[in-house]
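Student: I have a model open and want to learn how to read its features. Can we go through them one by one?

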Amino acid sequence: MTAPSTGSAATSLALEFDEFDRRGKLVTLSWEGAHHLSQTRLVEVLPAGRDTWRLIPSGAVGSVRVEGLSVRVMPAASLGLTQLFFLLDHAADDAFLPSAVQARDDDELWVSVAESMARLAHQALAPGLLRGYRRVDESLTTVRGRIRLGDQIRRRPGMAIPLEVSYSEFTPDIAENRILRTAAHRLQFLPDLPDNTRRRLAMVDARLADASLIPQGAPVPAWTPSRLNARYQDALALADRIVRRISVEVEDGHASSAAFVTEMPALFERFVESELTAALHGHGGRLLQNPVVDLSSGTEADTDDTGVAGDGTDEGSAGRHRAAPGRHRAPADDGDHISVRTGLVYEVDGDPVTTFVATYPTDRRARAAEHYRLLAACTALGVGRAYLVYPAQRRDDAPQPRRIVHTDISIVEYPVDLSGGPAQSRRAIVELAQQARALAATPAAPAARHRTGARHHTAVHHHTATQIREGRRHAR
């Protein structure tokens, strides 16, 4: 498909991709527009002729507008805007209330965000403008606050005036107002916004005129939730994400480009990690974040006749099982080691119970490598079950245990249906945590796993000895 792009806001072309689409689409765009689009990293922009480019998703999701061209890359997990912003909750350090963005799944991204920002900002500013104390360093002809003697001597030796002073000013130019104003200011320049929404954003911008704007790409000032800014917090939660994640370049009073781009794999991994941590911490249990352990056990001489490494016993957990070398600690930098990253390891009273790996690709071929990783992690940790957590492709997808041949290790493929909304997604992780707690409450399971390993080790030696005896018999 090839379509012209005039660069005007009035004439616009909309292209929508699945995030795993590798065929792409053709579009006509100027070199400058193609360069802007490429810099967003939402799509790869490959030359395909004079002013013609092939756009291929690069692994991120989001929405970009350049020269009247709207490019939208949607998650493969069938997420709507509500679920996407719910996942964004786990990509930042501050709280993001699920009610902040009220949007239908078929709403346009920019319109939904702008309308939600206008509504929340007007609610926050209705009781009045929030003010706070801010330190000001200034050169004055009169004394205000305190004199900075060190700066005075260094900058103006022997001069009485002007004076280098510091004082606290009660001002609206504080972090909360700066973030709100910057978000409203950027959004009002987006194309295709309803006139009413644009006016309301402009009113917020004007109401906060005494607060300075945050330049594009500059660090976002920190703010701390408190009793004083409680009425601002809903609006700030959304505004903070807008300032961090939405970039708008304005030329001649119009947006020349606007971009919202985020990485779905990172969002999903943070979501799983955050929810599992909340569900499993406490009662002697904790979730370790991807500890690296040594997969190798040294030489065959290091094992006793039970097949378990003799120098790796964990005396503190002897009642549960005997620990393999390197468990729960990274191998030393020196020496010959085979290390494996174990995912999110759930341990109770210092003993590993199970491990989880969150992976975003949903096709079986892409998940195969994670099965090998989990098999190695189970071997290194001495656990018999691991969970591969990934977004469900269909609503009827159910967990599927896979017993690894010739072992007592099971890897459970555990799909999470993100399309069902935040409550259903959280419920799936809570049920996963309950399964892990049930494993921890089975005291015989770890010992049984290692006894089976010992029987297998003994059986291998018995089979080898039988082969040797048969060979000697035939030699005679």
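Student: Let me start with a single residue. Is Leu213 buried, partly exposed or exposed?

Tutor: First, a caution: this is a predicted model. Now the residue. Relative accessibility decides the class, and buried means under 20% while exposed means over 50%. Leu213 has 32% relative accessibility, so it counts as partly exposed.

Student: Where does Leu213 lie?

Tutor: Leu213 lies in the loop between α6 and α7. Check its spatial neighbours too. The C-alpha atoms of Leu213 and Arg181 are separated by 6.7 Å, although the two residues are 32 apart along the chain.

Student: Which class does Arg148 fall into, buried or exposed?

Tutor: Arg148 has 8% relative accessibility, so it counts as buried. Its place is in the loop between β8 (146-147) and α4 (149-155). From Arg148 to Leu163 the C-alpha distance is 8.2 Å, with their positions 15 residues apart in sequence.

Student: Next, backbone angles. What is the phi of Arg41?

Tutor: Look at the sign, then at the residue type. Arg41 has a positive phi of about 65°, and it is not a glycine. Its place is in the loop between α1 (31-39) and β3 (43-49). Arg41 has a relative accessible area of 67%, so it is exposed.

Student: And what is the phi of Asp51?

Tutor: Asp51 also is not a glycine, and its phi is positive, about 55°. Asp51 sits in the loop between β3 and β4 (52-57). With a relative accessible area of 40%, Asp51 is partly exposed.

Student: Where does Arg50 lie, and is Arg50 buried or exposed?

Tutor: Arg50 lies in the loop between β3 and β4. Arg50 is exposed, with a relative accessible area of 78%. In space, Arg50 and Thr28 are 8.5 Å apart, C-alpha to C-alpha; in sequence they are 22 residues apart.

Student: On to aromatic rings. How is a pair of rings described?

Tutor: A ring pair is described by two values: the distance of the centres and the angle of the planes. Here the count comes to 4 aromatic pairs. Take Phe20 and Tyr360: their ring centres are 6.1 Å apart and their planes are at 45°, so the pair is tilted.

Student: What does the pair of Phe20 and Tyr360 link?

Tutor: It links distant parts of the chain, 340 residues apart. Phe20 is in the loop between β1 (13-18) and β2 (25-28). Tyr360 is in the loop between β16 (351-358) and α9 (364-381). Compare the accessibilities. Phe20 is partly exposed at 39%, whereas Tyr360 is buried at 2%.

Student: Which residues do ring pairs link into a cluster?

Tutor: The cluster holds Phe20, Phe268, Phe271 and Tyr360.

Student: Rings can face charges too. Which ring does the charged end of Lys25 sit over?

Tutor: The ring of Phe17. The charged end of Lys25 is 5.1 Å from the centre of that ring.

Student: Now helices. What span should α3 have, by its number of residues?

Tutor: Use a rise of 1.5 Å a residue, then compare with the end C-alpha atoms. Helix α3 (residues 109-125) has 17 residues, so 24 Å is expected; its end C-alpha atoms are 24 Å apart, which agrees.

Student: How many residues of α3 are buried?

Tutor: In α3, 12 of the 17 residues are buried, so the helix is largely enclosed by the rest of the structure. Among the buried ones are Trp110, Met117 and Leu120.

Student: How do I read the packing of α3 and α6?

Tutor: Take the angle, the axis distance and the handedness. The axes of α3 and helix α6 (residues 195-207) are 9 Å apart, and the angle is about 40°. The two helices are therefore oblique to each other. Their crossing is left-handed.

Student: At what angle do α8 and α10 pack?

Tutor: Helix α8 (residues 264-280) and helix α10 (residues 422-440) pack at about 50°, with their axes 9 Å apart. α8 and α10 are therefore oblique to each other. The crossing of α8 and α10 is right-handed.

Student: One last helix. How far apart are the end C-alpha atoms of α7?

Tutor: They are 18 Å apart, which agrees with the span expected for the 13 residues of helix α7 (residues 233-245). Buried residues in α7 include Leu236, Asp240 and Arg241.

Note on methods
Residues numbered from 1 in each chain as written. Predicted model: local features only at pLDDT ≥ 70, side-chain atom pairs only at ≥ 80, totals over all residues. Heavy atoms only, no water. Phe/Tyr/Trp six-rings, centres within 6.5 Å; stacked < 30°, edge-to-face > 60°. Helix = DSSP H or I, 4+ residues; strand = E, 2+ residues; numbered from the N terminus. Buried < 20%, exposed > 50% of the residue type's maximum accessible area, 1.4 Å probe, protein only. Lys NZ or Arg CZ within 6 Å of the ring centre and 35° of its normal. Expected span 1.5 Å × (residues − 1). Axes fitted to C-alpha atoms, helices over the stretch in contact; angles between N-to-C directions. Parallel < 35°, antiparallel > 145°, perpendicular 65-115°, else oblique. Left-handed = near helix turned anticlockwise from the far one by under 90°.
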